[in-house]
Amino acid sequence: MPSFAYAKPPLKEFMSYTVRLPKMEDYDQINDLGRWFQENSIYENCAWSPKKCHAMLVNCVEKQNPMFLRVVEKDNEIVGFFLGILTEYFFSTKKIANELVVIFKEDHRDGIAKPIIKMLIDFETWAKKHGAHEINVGIVSGIAGSGYSKLLTRYGLKEVGQIYKKKQV
């Protein structure tokens, strides 16, 4: 019987991410990551408001309104977050949960399928708990990773339309 020698694959760092609820102590990291997103996406010409970011975090932590926020942490550093909101359709009293943004630091975009799936599951669970008829998740920033659309489809979301933008000057 022949003997096969298998080369050991190179050691790969397996990153351990934690998806969790936000805390007020997370403000500086969320604010920095949000500002990075705004400055490096199609929203670069929009002004960043630290006050609005702070108010959003207060609302999410104190559950003052129907907002969803999860942060992704690696080694005590926030490397991503998912923000969503619950509202009603303009034509009905039924509710819809809309993702507002999913952000990850560029150097943490490989191997993040599991935390993204976890946040999608949490978002869908939160939406059901709050009586949402459906959830919407989109890609409108111009900087989403190449596999994000495929991941959303594998999760069971369907592409149903398109968005067209035009900057107003």
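**Exercise 1. Burial and pairing of F68**

Does F68 count as buried or exposed, and at what relative accessibility? Determine also which ring F68 pairs with and the geometry of that pair.

*Solution.*
Step 1. The structure is a predicted model. The cut-off for a buried residue is under 20% relative accessible area. At 1% relative accessibility, F68 therefore counts as buried.

Step 2. F68 forms an aromatic pair with W126, with 5.5 Å from centre to centre and 55° between the planes. Planes under 30 degrees apart would count as stacked and those over 60 as edge-to-face, and the pair is classed as tilted.

Step 3. The two partners lie in distant parts of the chain: F68 belongs to strand β2 and W126 to helix α3, 58 residues apart.

Step 4. W126 has a relative accessible area of 11%, so this residue is buried.

Step 5. Ring pairs join F68 and W126 with F82 and F123 in a cluster.

**Exercise 2. A second tilted pair**

Classify the pair formed by F37 and Y43, and assign each residue to an accessibility class.

*Solution.*
Step 1. The whole structure contains eight aromatic pairs. For F37 and Y43, the ring centres are 6.0 Å apart and the planes meet at 40°, so the pair is tilted.

Step 2. F37 has 12% relative accessibility and therefore counts as buried. Y43, at 24%, counts as partly exposed.

**Exercise 3. The environment of strand β2**

Establish how β2 is enclosed and which strands it pairs with.

*Solution.*
Step 1. Eight of the eight residues of β2 are buried, so the strand is largely enclosed by the rest of the structure.

Step 2. The burial extends to both faces: M67, L69, V71 and E73 lie on one side, and F68, R70, V72 and K74 lie on the other.

Step 3. β2 pairs with strand β1 (residues 18-20) in the antiparallel sense, over three bridges. In this pairing, T18 has E73 of β2 as its bridge partner.

Step 4. β2 also pairs with β3 in the antiparallel sense, here over eight bridges. The bridge partner of F68 in β3 is G84.

Step 5. The connection between β2 and β3 is a hairpin with two residues between the strands, and D75 in the turn has a positive phi of about 50°.

**Exercise 4. The nonpolar cores**

Identify the residues with the most contacts to other members of the largest nonpolar core, the elements that build this core, and the contacts of F123.

*Solution.*
Step 1. The largest nonpolar core has 24 residues, among which A97, I116 and F123 touch the most other members.

Step 2. Two or more residues each come from β2 (67-74), β3 (77-88), β4 (95-104), α3 (113-129), β5 (132-136) and α4 (148-155). The greatest contribution is that of α3, with six residues.

Step 3. When neighbours within four places in sequence are left aside, F123 is in contact with F68, F82, G84, A97, N98, E99, I135, N136 and V137.

Step 4. A separate, second core has 16 residues, including Y27, I30, L33 and L69.

**Exercise 5. Helix α1**

Compare the span of α1 with its expected value, and locate its buried residues.

*Solution.*
Step 1. Helix α1 (residues 27-39) contains 13 residues. From its first C-alpha to its last it reaches 18 Å, close to the 18 Å expected at 1.5 Å a residue.

Step 2. Its buried residues are Y27, I30, N31, L33, G34, F37 and Q38. An α-helix has 3.6 residues a turn, so residues three or four places apart point the same way.

Step 3. The buried residues of α1 pack against α2 (50-62), β2, β3 and β4.

Notes. Residues are numbered from 1 along each chain as its sequence is written. This is a predicted model: local features need pLDDT of at least 70, side-chain atom pairs count only at pLDDT 80 or more; totals for chains, interfaces and linings use all residues. Side-chain values use heavy atoms; hydrogens and water are left out. A nonpolar core is a set of buried Ala, Val, Leu, Ile, Met, Phe, Trp, Tyr and Cys residues joined through side-chain atoms within 4.5 Å. Buried means under 20% relative accessible area, exposed over 50%, partly exposed in between (1.4 Å probe, protein chains only). Helices (H or I, at least four residues) and strands (E, at least two) are DSSP runs, numbered from the N terminus. Contact means heavy atoms within 4.5 Å. The expected span of a helix is 1.5 Å times one less than its number of residues. Rings of Phe, Tyr and Trp (its six-membered ring) pair if their centres lie within 6.5 Å; planes under 30 degrees apart count as stacked, over 60 as edge-to-face and the rest as tilted. Two strands pair if DSSP finds at least two bridges between them.
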